[in-house]
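Student: I am new to this structure and would like a close look at one part of it. Please take a single residue and work outward from there to its surroundings.

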Amino acid sequence: MRLLVLGGTKFLGRAIVEDALARGHEVTTFTRGETNPELFPEAERLRGDRDGDLAALEGRTWDAVIDTSGYVPRIVRAWAEALRESGFYVFVSSISVYAELPPGYDESNPVEELEDPASEDVRAHYGALKAACERVVDDVFGDRAAHVRFGLIVGPHDPTDRFTYWPDR
């Protein structure tokens, strides 16, 4: 499979790229080239910026795209539009999209809504922005998209120390 990973050299994207390469997939990463640029010499490495420099993606398609770091609908729309001819788009979202987390919640539960659709304040509106990004991906890719709503993502190379803090404590 020809796979494009938006990001791919720090944490979650890095794990995805490692696994995809181990499975024999043809992997391309799209990064700014600032974090661990030496990783994955066997992968094609495209350089650009998610917020404005998508030139490296022009005229290119992949069987699947994995977006591990979309937070702002305007930026996610630009990526999705640039990649709309690709086969499938996986958007890594968050359990924080839900308006409430009652027992037994599932994808049918209501999600957060932005009071100000122009807001790009990720710290203040993380869940609502992720929900808006999901809608953008669905608008562009339709049934060729999936969004996965993780709770806490932990593992090797996690720069936040969210999980290991508790066992260490």
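Tutor: Ser93 counts as buried, because its relative accessibility is 4%, and the cut-off for buried is under 20%. This value, like the others here, comes from a predicted model. Ser93 lies in the loop between β5 and α3. Its side chain makes a polar contact of 2.5 Å with the side chain of Glu134. Leaving out residues up to four places away in sequence, Ser93 touches Lys130, Glu134, His147, Val148, Arg149 and Phe150.

The elements around this loop come next. Strand β5 covers residues 88-92 and strand β6 residues 145-148; the two pair in the parallel sense, over four bridges. Within this pairing, Val90 has Ala146 of β6 as its bridge partner. Helix α3, residues 122-141, joins with β5 and β6 in a right-handed β-α-β unit.

The pair β5 and β6 belongs to an open sheet of six strands, in the order β3-β2-β1-β4-β5-β6, with parallel pairing. At the edges are β3 (44-47) and β6, each of which pairs on one side only. On average, neighbouring strands of this sheet are turned by 20° against each other, direction ignored. Helix α3 packs on the sheet, where it touches β5 and β6, and its direction makes about 180° with that of β5.

Elsewhere in the sheet, strand β1 (residues 2-6) runs parallel to strand β2 (residues 26-31), and five bridges join them. Here Leu4 stands opposite Thr28 of β2. In general, side chains in a regular strand alternate between the two faces of the sheet.

Leu4 also leads to the nonpolar interior. The largest nonpolar core has 22 residues, of which Leu4, Leu6, Leu57, Val76, Leu83 and Tyr89 touch the most other members. At least two residues of this core come from each of β1, α2 (73-82), β5 and α3. The most come from α3, which gives five. Leu57, apart from its neighbours within four places in sequence, is in contact with Leu4, Phe30, Leu46, Trp62 and Leu83. There is also a second, separate core of 13 residues, including Leu3, Leu39, Ala43 and Val92.

To return to the starting point: Ser93 is a buried residue in the loop between β5 and α3, and its side chain is joined to that of Glu134 by a polar contact.

Note on methods
Residues are numbered from 1 along each chain as its sequence is written. This is a predicted model: local features need pLDDT of at least 70, side-chain atom pairs count only at pLDDT 80 or more; totals for chains, interfaces and linings use all residues. Side-chain values use heavy atoms; hydrogens and water are left out. Two strands pair if DSSP finds at least two bridges between them. A crossover is right-handed if, with the strands pointing away from the viewer, the path from the first strand over the helix to the second runs clockwise. Axes are lines fitted to C-alpha atoms, for helices over the stretch in contact, and angles run from 0 to 180 degrees between N-to-C directions. Contact means heavy atoms within 4.5 Å. Buried means under 20% relative accessible area, exposed over 50%, partly exposed in between (1.4 Å probe, protein chains only). A polar contact is a pair of N or O atoms within 3.5 Å; within protein, one must be able to donate a hydrogen and the other to accept it, and residues adjacent in sequence count only if both atoms are side-chain atoms. A nonpolar core is a set of buried Ala, Val, Leu, Ile, Met, Phe, Trp, Tyr and Cys residues joined through side-chain atoms within 4.5 Å.
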